[in-house]
Amino acid sequence: QVQLVESGGGLVQPGGSLRLSCAASGSVFSVDVMGWYRQAPGKQRELVAAITPIGSTNYADSVKGRFTISRDNAENTVYLQMNRLKPEDTAVYYCNGDVVDDKGLQGYYWGQGTQVTVSS
């Protein structure tokens, strides 16, 4: 069984920083693209950033220049460094991974979500 477990959310003041982590564990054989999504109350889930195993990245326009996605392939972990946070960044952040398990089955897995609140 594959699990994605996130950590690092919390409450931060506008202009502050947070770092999210997400580790894929269990019966993982390989991990392709990993990404972060977010969902604010009353809104659809949206892509924040994604990264391939070789480090190619993609960002939502709203976070370019403020957020940085990175990964540790040896640990099957993806990070999201969030700087200059704004109140509109408030949302539940979800990790997503394109994972092949040890039986050779490919699937898209989600973490449980971590709350990020930007408020003074």
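In the predicted model, Ala 23 is partly exposed, its relative accessible area being 29%, a value that falls between the limits of 20% for buried and 50% for exposed residues and therefore places Ala 23 in the intermediate class. The residue belongs to strand S3, which spans residues 18-26. Once the neighbours within four places in sequence are set aside, the contacts of Ala 23 are with Gln 3, Leu 4 and Val 5 as well as with Asn 76 and Thr 77. The C-alpha atoms of Ala 23 and Leu 4 lie 5.5 Å apart in space, although 19 residues separate the two in sequence. The bridge partner of Leu 4 in S3, however, is Ala 24.

The strand that contains Ala 23 is part of an open sheet of four strands, arranged in the order S1-S3-S8-S7 with antiparallel pairing. Strands S1 (2-7) and S7 occupy the edges, and because each has a single partner strand, one side of each remains without a neighbour in the sheet. From one strand to the next, the twist averages 15°. In a regular strand, side chains alternate between the two faces of the sheet.

The pairings within this sheet can be followed strand by strand. S1 and S3 are joined by six bridges in the antiparallel sense, and S3 is in turn connected to S8 by six bridges, again with the strands running antiparallel. Within the latter pairing, Leu 18 has Met 82 of S8 as its bridge partner. Six bridges likewise link S7 to S8, which also run antiparallel, and here Arg 71 stands opposite Val 78 in S8. S8 is mostly covered, with five of its six residues buried.

The loops on either side of S8 each contain a residue with an unusual sign of phi for comment. S7 and S8 form a hairpin with four residues between them, and Asn 76, one of the contacts of Ala 23, is located in the loop that connects S7 (67-72) with S8 (77-82). Although Asn 76 is not a glycine, its phi is positive, at about 50°. Arg 84, which is found in the loop between S8 and strand S9 (91-101), likewise has a positive phi, near 50°, and is a residue other than glycine.

Methods:
Residues are numbered from 1 along each chain as its sequence is written. This is a predicted model: local features need pLDDT of at least 70, side-chain atom pairs count only at pLDDT 80 or more; totals for chains, interfaces and linings use all residues. Side-chain values use heavy atoms; hydrogens and water are left out. Helices (H or I, at least four residues) and strands (E, at least two) are DSSP runs, numbered from the N terminus. Buried means under 20% relative accessible area, exposed over 50%, partly exposed in between (1.4 Å probe, protein chains only). Two strands pair if DSSP finds at least two bridges between them. Contact means heavy atoms within 4.5 Å. Axes are lines fitted to C-alpha atoms, for helices over the stretch in contact, and angles run from 0 to 180 degrees between N-to-C directions.
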